[in-house]
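This report covers a few strands and one helix, and how they are placed. Please look over the sequence and the model before reading on.

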Amino acid sequence: MTPVATSTRTLSTLPDTLRFGRVLGSLLTAGDLVILSGSLGAGKTALTKGIAVGMGVSGLVTSPTFVLARVHAAGAGGVSLVHVDAYRLAGSVELDDLDLDTDLTAAAVVVEWGEGVAERLSQTRLTIALERLPDDSRMARIEAAGSEWERRLPVLLAG
């Protein structure tokens, strides 16, 4: 069983969400899997926009709802970002059709709506569940699976 470390983080404003994403993006390397969950409007795409900035990838980051996956080219010396929206997928069989396990060797992969579907792609992963609170802030529940993410989690939380 993969070791798991958990934590929570309050993201009071959109700039806080983007900043948290930038720090996370700066920590990502090829082979990393990040799974985002939360209701509509919880901040999954906003967090992914911050991740993209932190990674230095090119291209406008929008929700890939209708195309299912977008690849954002790597910046100088970085890795590409594969941004997936699993909302419309009927399960792991359709996820297999996207060949994300191949992308995991050369890119960092962020899967929105991936909880319960994308975990099988890697035993080492970061899962972030975003909850929109009544005051419009967000609560991020973070689960780091695997020793590599356990090592990076304190850096993420300090940023």
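In this predicted model, V82 stands opposite V109 of strand β5. V82 belongs to strand β4, which pairs with β5 (residues 107-112) in the parallel sense over six bridges; two strands pair if DSSP finds at least two bridges between them. Helices (H or I, at least four residues) and strands (E, at least two) are DSSP runs, numbered from the N terminus. Residues are numbered from 1 along each chain as its sequence is written. Local features need pLDDT of at least 70 and side-chain atom pairs count only at pLDDT 80 or more, while totals for chains, interfaces and linings use all residues; side-chain values use heavy atoms, leaving out hydrogens and water.

V109 is also the bridge partner of L33 in β2. The pairings of β2 and β4 are set out below.

| Strands | Sense | Bridges | A facing pair |
|---|---|---|---|
| β4 and β5 | parallel | six bridges | V82 and V109 |
| β2 and β5 | parallel | four bridges | L33 and V109 |
| β2 and β6 | parallel | four bridges | V34 and L126 |

Six of the six residues of β4 (residues 80-85) are buried, so this strand is largely enclosed by the rest of the structure. Buried means under 20% relative accessible area, exposed over 50%, and partly exposed in between (1.4 Å probe, protein chains only). In a regular strand the side chains alternate between the two faces of the sheet. S80, V82 and V84 point one way from β4, and L81, H83 and D85 point the other way. Strand β2 is mostly covered too, with five of its five residues buried: L33, I35 and S37 lie on one side, V34 and L36 on the other.

Helix α5 (residues 147-158) has W149, R152, L153 and L156 buried. Seen down the helix axis, these buried residues fall within an arc of 135°, so they line one face of α5; the arc is that of the directions from the axis to the C-beta atoms. On the other side of α5, S147, R151 and A158 are exposed. Elements that cover the buried residues include β2 (33-37) and β6 (125-132), where contact means heavy atoms within 4.5 Å.

Within α5, the charged end of R152 sits over the ring of W149, 3.9 Å from its centre. The rule asks for NZ of Lys or CZ of Arg within 6 Å of the ring centre and within 35 degrees of the ring normal.

The loop between β6 and β7 holds D136. D136 has a positive phi of about 75° although it is not a glycine, and its relative accessible area of 40% makes it partly exposed.
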